[in-house]
Amino acid sequence: MKRLSPSPSLDAFMSISQPKEEKSSKKHQIYTKEFQAMLDGLDEEDSLEEGGQATEKKRRLSMHQVKALEKNFDMGNKLEPKRKVKLAEELGLQPRQVAIWFQNRRARWKTKVLEKDYAMLKANYDALKLDHDNLEKEKLGLITMVSVYISNPIF
């Protein structure tokens, strides 16, 4: 596929409108300055995160807070607004943090319940499949016995 090059008139315009220092860097520049600056900023963020020096540290809940939230979750996995505000005040958290924790905990709980149900259903299926296979073998044995008896009567 043939690459399209800019028109000569565009090149002439670009050479007139650019300062001299930008003309020399234009040969090596692929993106606009704004886009390149954004890319450079992303590279800096990536290197900071990889180096373990993220600009904003992710806050974790303390063991006390987690235990209190778990205890409240065991009492009920739905959170009324009054209970959310009270719990947030007691634990020194924002009500939104408490709401999100409950939402995430419900998602984990649901996954565990589904895994447990799947394991039980699979075990039941495997037992039924084994019983079915054994009955099929027994059926084939009986059919074979009957056909041998009919083809070779004892009397």
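Good morning. A search of the whole structure, which is a predicted model, finds five salt bridges. I shall present three of them and then turn to the nonpolar core.

One of the five joins Glu70 to Arg105, with the closest N and O atoms 3.1 Å apart. This pair links distant parts of the chain, since Glu70 belongs to helix 4 and Arg105 to helix 6, 35 residues apart. Glu70 is partly exposed, at 24% relative accessible area, while Arg105 counts as buried, at 11%.

Another salt bridge connects Lys86 with Glu90, at 3.7 Å between the closest N and O atoms. Both residues lie in helix 5, four residues apart, or about one turn of the helix, and both are exposed. In helix 6, Lys122 and Asp126 are likewise four residues apart, and their side chains meet in a salt bridge of 3.4 Å, N to O.

Let me now turn to the core. The largest nonpolar core has ten residues, among them Leu69, Leu87, Val98 and Trp101. Helix 4, helix 5 and helix 6 each give two or more residues to this core. Beyond its neighbours within four places in sequence, Val98 is in contact with Leu69, Leu79, Lys84, Leu87, Ala88 and Leu93.

How is helix 5 arranged about its axis? Its buried residues are Arg83, Leu87, Ala88 and Leu91. Seen down the axis, they fall within an arc of 130°, so they line one face of the helix. Helix 4 and helix 6 are included in what covers them. The face turned away carries the exposed residues Pro81, Lys82, Lys86 and Glu89. Just after helix 5, Gly92 takes a positive phi of about 70°. Thank you.

Technical notes: Residues numbered from 1 in each chain as written. Predicted model: local features only at pLDDT ≥ 70, side-chain atom pairs only at ≥ 80, totals over all residues. Heavy atoms only, no water. Core = buried A, V, L, I, M, F, W, Y, C linked by side-chain atoms within 4.5 Å. Buried < 20%, exposed > 50% of the residue type's maximum accessible area, 1.4 Å probe, protein only. Contact = heavy atoms within 4.5 Å. Arc of directions from axis to C-beta. Salt bridge = Lys/Arg side-chain N within 4 Å of Asp/Glu carboxyl O.
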